[in-house]
Amino acid sequence: MSMARWLWPTLPAAAVITAIAGIAAWAFWWEPSSLRVTQHAVELSRWPSNCDDLRIAVLADLHVGSPYIGLDSLSEIVTATRAAQPDLVLLAGDYVSQGVVGGTFVAPEAAARVLHPLRQSAPVFAVLGNHDWWLDSDRVRHALQSVDIAVLDDASTTLRLGACTLSLVGVSDFWEGPHDVDRALAGVADSDTTVLFTHNPDLFDAVPDHVELTIAGHTHGGQVYIPGLGRPIVPSAFGERFAAGHIVEHGRHLFVSTGIGTSIIPIRFLVAPEVSVLRIRHTRTGGPRSQS
């Protein structure tokens, strides 16, 4: 038998093995260890002209201590976020990592100190995620507050960002916190320009219509997206309904960031880690609501 005829049957198997190795390297190393700052245009029909082009940076699911997200990586994330020149930074929960394969525990106090320079560029507000509650919600909250990052637990605040006056509402985690939407909105008028942020997007159905935009994380975008098949696992009671990106339902708007770290299995495939920068404008097909 010639050498060519002997090699031929092995070529398909070799190609399959090479493809599998390449996909594994992509999913377990290259993509989880990468970071991108992604600009998202979000158009809202009731967004006032005073607040047009407001830029909100969303950092969700940092999971510091998961593979590829150590304190040095977190510092790079902070630098990249500041370079995007946001008007407001929202930290959407899950700062700590627990139980992820290949991960190590990083104290929330250490992570908070690295996050602190964000305040030099823009106002920074936070909510806690389910992993933060599982560790110790009081500890994580205190760590953030000790570096002057306010945690909005079912509370609101009024922000003046240039010509824009904004009611910012934080709602505690849907799984582990009280997630008291009524309490969070108690000081907010229906006529206010309102952005609500929380960790888990499953809360979205409970958000009233007068809130212009809800922002969340938690899902990691499923961490894996398979073209033609979708996202096999999304930690949501609604499956892929609230998995990722800008979702519009009956005129109500939700943005879900795919986040930065990983949970359980350190894999990402076609769902890259990202700092989500939302550039919010009134929709070009309808006039903006004026703001007094």
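These are my notebook entries on a disulfide, two nonpolar cores and one arginine in a predicted model.

**Entry 1: the disulfide**

I searched the whole structure for disulfides, and the search returned 1. The partners are C51 and C164, whose sulfur atoms lie 2.0 Å apart. I then looked up the handedness of the link between C51 and C164, which is right-handed, with 85 degrees about the S-S bond. As for where the two cysteines sit, C51 belongs to the loop between β1 (36-44) and β2 (54-59), while C164 is in strand β7 (residues 164-171), so that the pair, 113 residues apart, links distant parts of the chain. I also asked whether each cysteine is buried or exposed. C51 counts as buried because its relative accessibility is 1%, and C164, also at 1%, counts as buried on that ground.

**Entry 2: the nonpolar cores**

I next turned to the largest nonpolar core, which I note as having 33 residues, and in which L59, L62, L91, Y95, L115 and L144 have the most contacts. Two or more residues of this core come from each of β2, α3 (71-83), β3 (88-91), α4 (108-115), β4 (124-126), α5 (130-145) and β12 (274-282). Of these contributors, α4 gives the most, with 5 residues.

I picked L115 for a look at its neighbours, leaving aside residues up to four places away in sequence, and found that it touches L62, L74, V78, L91, Y95, L144 and I149. A second core, separate from the one above, has 26 residues, and I56, V58, V195 and F197 are among them.

**Entry 3: R252**

Which strand holds R252? I found R252 in strand β11, which covers residues 252-256. Its relative accessible area is 13%, and since the cut-off for buried is under 20%, R252 is therefore counted as buried.

I then followed the side chain of R252 to see which backbone oxygens it reaches. One is the backbone oxygen of F204, at 2.6 Å, and another is the backbone oxygen of V207, also listed at 2.6 Å. With residues up to four places away in sequence set aside, I noted that R252 touches F204, D205, V207, D209 and I247. F204 and V207 thus appear in my notes both as residues touched by R252 and as residues whose backbone oxygens the R252 side chain reaches.

How values were computed. Residues are numbered from 1 along each chain as its sequence is written. This is a predicted model: local features need pLDDT of at least 70, side-chain atom pairs count only at pLDDT 80 or more; totals for chains, interfaces and linings use all residues. Side-chain values use heavy atoms; hydrogens and water are left out. A disulfide is a pair of cysteine sulfur atoms within 2.5 Å. Helices (H or I, at least four residues) and strands (E, at least two) are DSSP runs, numbered from the N terminus. Buried means under 20% relative accessible area, exposed over 50%, partly exposed in between (1.4 Å probe, protein chains only). A nonpolar core is a set of buried Ala, Val, Leu, Ile, Met, Phe, Trp, Tyr and Cys residues joined through side-chain atoms within 4.5 Å. Contact means heavy atoms within 4.5 Å. A polar contact is a pair of N or O atoms within 3.5 Å; within protein, one must be able to donate a hydrogen and the other to accept it, and residues adjacent in sequence count only if both atoms are side-chain atoms.
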